[in-house]
Every structure is written in structure tokens, then in C-alpha cells.
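Got the model open in your viewer? Let's take a walk through its pockets, one selection at a time.

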Amino acid sequence: MGELRTLYPEIKENFSKMLKVDDTHTIYYEESGNPKGIPVIFLHGGPGGGTTPTGRRFFDPTAYRIILLDQRGSGKSTPRACLENNDTWHIIDDMEKVRKALNIDKWLVFGGSWGTTLALCYAIKHPEKVLGLVLRGIFLGRREDIEWLYEKGGVSEIFPEAFERYTSIIPIEERDDIIGAYYKRLTSTDRKIREEAAREWSIWEGSVMTLYPIPNVEESAGEINFAISVATIECHFWMNNMFWNGDDNWLLNNVEAIKDIPTFIVHGRYDVDCRPINAYELSKRLNNCELEFVISGHASSEPAIVDALVRATDNFKETLKLR
């Protein structure tokens with residue numbers, strides 16, 4: 001086996017814009033790379049995470065027209081951490097508004113974690129606009145997937161000491177619904193209560209994200225407004241079951257629409273954040289899919305994940321060039 005691929009060198013954006021998408025939300029998006037290259041949309045995780053310049057580096061900038069956007073309430077989009085009209089379908093509509101604003105006919109869709117959920121939703125709704133899918137760490141958004149991480153009985157049994165800290169701010173009488181208890185605190189009018197809940201939620205996630213422990217896991221929560229954005233918007237989506245109107249298995253129940261779209265999936269063999277079974281079940285429903293399990297956890301920064309994603313975008317660069 002050769003050396004692992006690494007990210008492409010740092011690049012600056014060609015331009016960035018703020019797009020008002022409704023009376024409440026204005027979303028940030030940017031373009032980098034080759035303005036005449038293969039269009040690709042990068043979908044960040046969370047929900048609520050936001051993009052960073054690292055997102056540009058999974059793609060050959062001479063070959064790709066790289067579009068990054070911050071989803072509603074996330075990153076540089078405003079208002080930050082806003083839950084009003086913030087749901088799966090509004091985000092899909094925002095993607096279409098950005099595509100049309102950039103005069104892009106079809107694009108490659110690249111997503112990680114929650115970004116895979118969005119990528120799949122978008123492709124199911126707009127298959128004619130998708131050149132292919134590059135997906136890392138599949139999250140199918142079912143109740144079992146959510147409770148696996150945030151309630152007792154799943155990851156809690158693998159990381160019991162971190163789970164004990166995560167639940168320590170929740171009174172014992174509320175621990176039969178930890179997500180609901182956190183939501184009450186994350187939407188509190190008391191800023192200190194919101195900050196504490198966001199910090200502990202984020203530290204719990206950081207504790208289970210990588211194959212090898214993060215040395216300073218408390219720092220993984222990030223700046224407090226970032227932590228509030230991620231924790232609040234995530235909890236909002238979990239409380240509302242992805243806004244799938246009662247169909248807990250919406251993605252797999254509608255995957256027929258994308259079964260022939262070229263798809264590459266990489267998933268960490270030891271990913272406890274999003275279970276490997278998600279990637280396996282999805283891949284079995286697709287006719288034109290390559291699934292690669294690698295020795296890693298969940299994070300996009302892990303070397304084996306980076307290697308697989310860069311190889312995937314390089315492969316799509318060649319196949320899409322032939323069209």
C-alpha cells in the first residue's frame with residue numbers, strides 16, 4: 001500500500017456572497033478553485049457546524065469549481081443559531097437557490113456526517129442535478145441513529161466516563177429523555193444555562209469523534225457561540241426527527257430515485273458517532289456505489305478518511321472529464 005493521500009494546499013476563495021433566502025435567513029456561500037471546472041458543492045456536518053477553509057482542500061483546485069455554503073443558522077450565515085424556518089427542506093431549497101445564483105446546471109455533491117443526510121436528501125429531490133455523490137460517515141437520521149449517540153444504551157457503553165460527564169448536568173429524574181432535557185436547556189432564555197449545555201453537549205461529541213482520543217477534548221467544543229450553534233441546531237433537528245413527517249426511515253425508503261447515481265462512500269470501521277451499518281445498508285440499495293471501510297473513527301480530519309476522500313474526488317475528476 002502506498003502513502004496516504006493528503007489534502008490539497010491551502011487556497012483562497014475567488015469570492016464570497018451573502019444570499020437572503022427568506023425574511024429571516026441570509027446564507028453565506030463562496031467559490032474557490034477553477035471557475036470553469038467541475039462544479040462541486042461541499043455540505044458541512046452538524047447540523048449547525050459551518051464551513052472552514054479546509055473544506056476547499058479535498059478537491060484539485062485546477063479541476064474543480066468548489067462551492068462551500070454555511071447552512072441556515074450556521075457559520076457566517078445569519079442569524080446565528082436561529083431555529084425559525086430551519087429544517088431539512090428549507091436547506092435543500094437554499095442549495096437550489098445557490099445553484100441557480102451561480103448558473104450551475106449539475107454538480108458533484110460532497111458531504112460528511114449530517115452533510116451525507118443532506119446530500120442524499122438533495123439527490124433524492126433533484127437527481128437530475130447530481131453528477132455524483134462523495135459521502136463520508138453516513139448518518140441516516142433514524143431515531144435509532146440519534147438515540148445510539150445521545151441516549152443511554154449505545155455509545156454510553158463504549159465511553160461510560162464521558163457519558164457520565166455528559167449527563168451530569170441533567171437531573172436524574174430527566175434522564176429518561178436526555179435529548180429533551182438538553183433541548184430545554186439549549187433553548188433557555190438564561191445565557192449561562194445555554195452555554196453550559198452547549199459546552200457539555202459538544203465535549204461529549206468530541207470525546208467519541210476520533211479513533212484516538214483528542215488530547216484536550218474540552219477545546220474540541222470550540223468557541224462558545226460555535227458550540228451553541230452546533231448543539232442547539234442539532235438538538236432542534238433531533239427533537240423534530242429530521243422533519244421527515246413521520247417516516248423514520250425516509251432516506252432508505254426513497255433511495256430508489258438515486259440508485260444509479262455514481263456514489264463513493266467512505267466510513268470509519270470504528271466510527272461510533274455514525275454506525276458503520278448505516279453505510280452498509282445504504283450501499284446495498286445502490287447499483288453504482290463503492291463503499292470503503294477504513295481504519296478510523298468519524299472525523300473528516302483522520303488520515304485514512306482524508307486519503308479516501310481525496311482519491312474519490314480525483315477519480316470523479318477523471319470520470320466526469322470524460323463525459
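A pocket here is an open set of grid points where a 1.4 Å probe fits, with protein on both sides within 12 Å along at least five of seven lines, and its volume is the space filled by probe spheres set on the points. Keep in mind that this is a predicted model.

By that definition, the second largest pocket has a volume of about 170 Å³. Select F264, E290, N315, F316 and T319: of the 11 lining residues, these lie nearest the pocket's centre. Now show β7 (263-268) and α10 as cartoons, since these are the elements that give two or more residues to this lining. α10 gives the most, with five residues. Colour the lining by class and you'll get five nonpolar, four polar and two charged residues.

Next stop: the largest pocket, with a volume of about 1,200 Å³. Centre your view on G45, R136, M209, A299 and S300, which lie nearest the middle of a lining made of 49 residues. Then light up β3 (38-43), β5 (107-112), α3 (143-150), α6 (191-207), α7 (224-239) and α10 (303-321), the elements that each give two or more residues to that lining. Colouring by class here brings up 22 nonpolar, 21 polar and six charged residues.

For the last view, give domain 1 (13-140 + 244-322) one colour and domain 2 (144-242) another. Why does the largest pocket lie between them? Both domains give residues to its lining, so that is where it sits.

Note on methods. Residues numbered from 1 in each chain as written. Predicted model: local features only at pLDDT ≥ 70, side-chain atom pairs only at ≥ 80, totals over all residues. Heavy atoms only, no water. 1 Å grid on protein atoms, 1.4 Å probe; cavity = no way out; pocket = protein on both sides within 12 Å on 5 of 7 lines; lining within 4 Å. Helix = DSSP H or I, 4+ residues; strand = E, 2+ residues; numbered from the N terminus. Nonpolar A, V, L, I, M, F, W, Y, C, P; charged D, E, K, R; others polar. Domains from an automatic or database assignment.
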